[in-house]
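Me: Could you walk me through how to read burial, contacts and surface charge in a model like the one below?

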Amino acid sequence: MSASEKVLSEPSNNFTGQNESMNVTNDSNDSLKHGTQSTNDSANRKRFKAGVDREDLENLTLSKTSAFDLQAAELVREVSVSNKYLKVALSLVEKLKKVLKGVPDEEESNFWQACNKLEKSGTVKVPLHKPYPAEDTNIKVKSSSPVSISPGILSCSGKHFSTPNGWVYDLLVEMPQTLFTPKDFLNNRYFHKRQYFLACLAKEIVQKLGSDVEVKYVALHGDVRRPIIKIKPVNEDSSARKRFSIDIIPCVAPFFPTSKLLAHKNCLRNLSADEELLPTPFYNASILEDQSTLYYRDLVKKYSINSQFIEACGLGSVWLNMRGFCSGMHQYGFGHREWCIMLSLLMSASGLPTGSVLSAYLNATQLFKGVLQVLSSDSLSNSLHKVNHDKSPLAIVDQSSPTFIDCSTGLNLLYKMNQTYLDCLKTSSLHSLKLLNENEIVNFPKVFLTRVNVPILEFDVSGTIPVHLETTSENYTDLTDLDSKFSYYISQLWNILRIGLNDRVNRLVLSQSEVISSDVKDLLENSYPSKISFGLLLNSEVSLRLVDVGPSLEDSEATTKFREFWGEKSELRKFKDGRIAESVYWESSTPSERSQIPMRIIRYVVDCHISNKCGEMVKFHNEEFQIFSHAKLSPNVDTYNDYVPVTEAYNEAVKTLHNFSDIPLSISEVLPADEALRYSCSRVPGYDTFATTPINIVFQFESSSRWPDELEGIQRAKIAFLLKIAEYMEGLENVEKAAVGLENTDHPALNCCFLQVLYTNGFTFRYRIRNDREAALWKTLERNPATRQKGQEGLYTYDHIFKFIPQHTLAIQAICQEHRSYSMAVRLAKHWFYSHMLTNHVSDEVIELLIASVYVNSNAWQATASGETALCRMLHFLANWDWRFEPLVIDFRQRLPTNIQSQAAEKLEILRKQDVSMNRNPFYIVVDYDLESKHVGWKTPTKMIANRITVLARAAVSELMKPVTNFKSLFNSSMDAYHFVIELHAANIPTYRENAKLKYKNLKSLSTERPGFSPVSAFIEEIQNAFNDSIYLFYNKDDPKTIGGIFNPAIMNPRHFKININYPFKVVEKDSVVVDTTAVCQQIQQIGGDLIKSLRLQI
């Protein structure tokens, strides 16, 4: 992963990585107004109340402008297409208008004769869809020039917004009503005539402009029945701001009776059941949309004179693009076009629910929030949501869901969406509103600048399913009113995956990954996408169950359906409660197999109901990652269960301590204070290790006034208590050994003792006594100017060991119990930090809080049930977090004040002014038990390491964004960046001796390692003490065979000689010296002795 990172460099001061996905530049000239937009003063004055001076009102509006409004306005300027680029497109538009107006008028003729004549030249092909008209059809068509050619819904305002794929100028071509008969809305006749008309336009364009442009057929919104012409310049620029296309969209003025095209009507006479015609809502809505396009264009154009309306549309465009919402029927069915129409309806329509009406006096951000409010409401799916119904005589019947019906046209604006797509849109809207309500300034990047639709970040399981249309019945046109065999295939896939996965998933999303387009000499039906993308959000409680229980034996009809669906997998079983029911058992011989049950179900049902070989071709994005993580960390499906032996041993240790009563003071509280007790250590005691990993516990006696009044006296009293307890424990059957150990011997006022107990179950615990009298004494020293520094250091150490760590452990325990995937996520995160040799530079508490923020904080995604996905989200956060100026606030218990983010930002600003070089708190992390980040990130990581983390995270995210991700490379670290590399003898390191003994269970009892002793960390500490800040060492705690080292850049360059230089040096010039790297390496070899296998210098 980091092979390309040769130096531990500081990232750029411009933290704009999160904007890269928008692919925009800062060119923000005012866009050219196009169309017949009114700009007279009388129209503008209508917006102002009588008697109010225009200038005063503008000043009032400006005074109310917030920082969020300014951010939004700047964002819209950045994504807006400038005049310079718009003029290039407009020049091509004018050429197209001249060409299209020159389409010759021909006499009416038979449909097939006209098509054959048109295709005879070989220039174009009529983009027909199935079912084709009969050979003896009496449909008559003719070539005709358009009634009008004008800008479409997206272009009528004169303002265009760029996307990563460029920008589109939509051109509406109105078809003459004389082309149609009143009954042409039946049985695809309208669409066939529309397709012939489009082919005539395409032929004219190819003949007149063929050498200058690229002409293609594209299915409008994925609807093959409604192709459009997409035109691109031949010499297309690579910049998204310059890259544009022109969509020529045929439409018609209202001609067919709306009452015949409502959702409950039938317009395809071949669709029937039991001699009763079935509704054709999708087919009907497609025609209604064509004949409503001009109306909605005029409506949007009317409100485009309001600059706030245009800005709100720009915000909507960015918001939708970042979440992958498009107008395509298989791409969520709601895009920028629908946003503009909905916003204009909310500002103009009558009969809206209370709170949905948007005033023209609102600013852009208020209009934006208003649309989100409507999209997040339940009324779109739970009821028939109608607007303008008080002015319409139409009898709208609730036949489809979701619904947002404009009764003035009869069109359901959401007709391309299914309930899942609406749920995604609703969830995203609710989440964005929540972020903006929390802190709209801080969360602005999360709402508008974070690309959400990245499968590895958005879903727990994602991948692609191949398209096998040959297995779809040819008579699908008698079964559905959908536009094509491809759409019918996707609808079948929705059904079988919903039934197969059932309640194992909280959300299943299928989406079209490619646009349906073809050359004008080919048919669209020959250009369907080759694969379909899918994503799953798992239900963590049941996603990995082994048995799917079906209907009971008494329900014969349901039993038959169950057997037909599951095939040979279905079997009759008797359960413990006496039930006899059909069921499916997913045999899993290994935990890794069980973790892939959702994937196995997808492959099985696709094989059964699509094609025998289709299941093998299903690709999962994170399958390799899951296999890797389980192989590297734990084979168990739920790594939370790896800690069950630890938890049981802890309970026994606490119980043993409470049972001791032969002391003058009773024990009032026992608290966990170790990463093993918060389910987050990289190597689990009792699973990956045994006696060499002590587990820390803090306990407290009941209050007493008999404790000494001096710090050293308290430490002696603690030793006496621990010796007494050790004597008691030595006589217990469940204790193998108990002894009192000493620490901080150079600082007798600090905690100097602990009780280490090795239990017969193989676990080692370290007990420390907490006495609040110490804190009071340290505070007394802190108040004395003469002993202030000593008091501050002592109080910090006491609070960290006896207050912060226990509180942190309890907080992490709570989140791990709420989110079972947290354990795997934090272990993967530690593995990532350790793999990049950052063990001694980033504390475990910092890593645990970084992962906790993924679960606790409101981010751009829903809560995940996958540890792998959580790790990817953490890397994404680190890659985009500007830790120099932004605090990270984590509210575990939802107890922090609502303005905590602004308070933390103010404190961080003050801290940065006081400490410009960032010697303290490069990572400023606030939790409810450490409001000033005194214990999290206070000393580690340093500024240099924080920069290194950012560089590594950005490289990791860059790898994750690739179509094919090499997940193993995320954990690969190159040694080329280090000045010297130390290789250690594995036989002298307890970690590797333990691994050898763990292979043979009968050798466990022969362990002679010193619990808690790590020769590698002791060796590194000795070197750091010898050379202070002259060198920095890096190693992997879980694989400590290799140590990397770099020299401080300050001593690598010549500097004046000083008598107190504490490292070996050599003279390079008169009075100038540099570090003698060879001598330093020789001294390191002397310190390491037999522990070192080799040491190589790389500079």
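Me: Let's start with His808. Is His808 buried or exposed?

Reply: Keep in mind that this is a predicted model. The general idea is that a residue counts as buried when its relative accessible area is under 20%. His808 comes out at 0%, so it is buried.

Me: Okay, and where is the place of His808?

Reply: Look in helix α23, which runs over residues 788–818.

Me: Which residues does His808 touch, leaving out those up to four places away in sequence?

Reply: For contacts, check for heavy atoms within 4.5 Å. By that test His808 touches Arg678, Glu845, Glu848, Leu849 and Tyr929.

Me: Zooming out, how much of the protein is buried?

Reply: Buried residues are 56% of the 1099 in the protein. As for contacts with a separation of 6 or more, 71% of them link residues 24 or more positions apart. The secondary structure adds up to 32 helices and 34 strands.

Me: Now the outside. What does the protein expose?

Reply: About 47,500 Å², with carbon and sulfur atoms supplying 48% of it.

Me: And which residues gather in a patch of positive charge on the surface?

Reply: The idea is to join like charges within 9 Å, using residues with over 30% relative accessible area and no salt bridge. Here that picks out Lys183, Lys260, Lys265 and Arg269.

Me: Take Lys265, then. Why does Lys265 count as partly exposed?

Reply: Partly exposed is the range between the buried and exposed cut-offs, under 20% and over 50%. Lys265 has 32% relative accessibility, so it gets that label. You'll find Lys265 in the loop between β7 (244–251) and β8 (272–273).

How values were computed: Residues numbered from 1 in each chain as written. Predicted model: local features only at pLDDT ≥ 70, side-chain atom pairs only at ≥ 80, totals over all residues. Heavy atoms only, no water. Patch = residues over 30% accessible without salt bridge, like charges linked within 9 Å, V, L, I, M, F, W, Y side chains within 5 Å. Areas by Shrake-Rupley, 256 points an atom, 1.4 Å probe, with all protein chains shown as cover. Salt bridge = Lys/Arg side-chain N within 4 Å of Asp/Glu carboxyl O. Lys, Arg positive; Asp, Glu negative; His and termini not counted. Charge placed at Lys NZ, Arg CZ, Asp CG, Glu CD. Helix = DSSP H or I, 4+ residues; strand = E, 2+ residues; numbered from the N terminus. Buried < 20%, exposed > 50% of the residue type's maximum accessible area, 1.4 Å probe, protein only.
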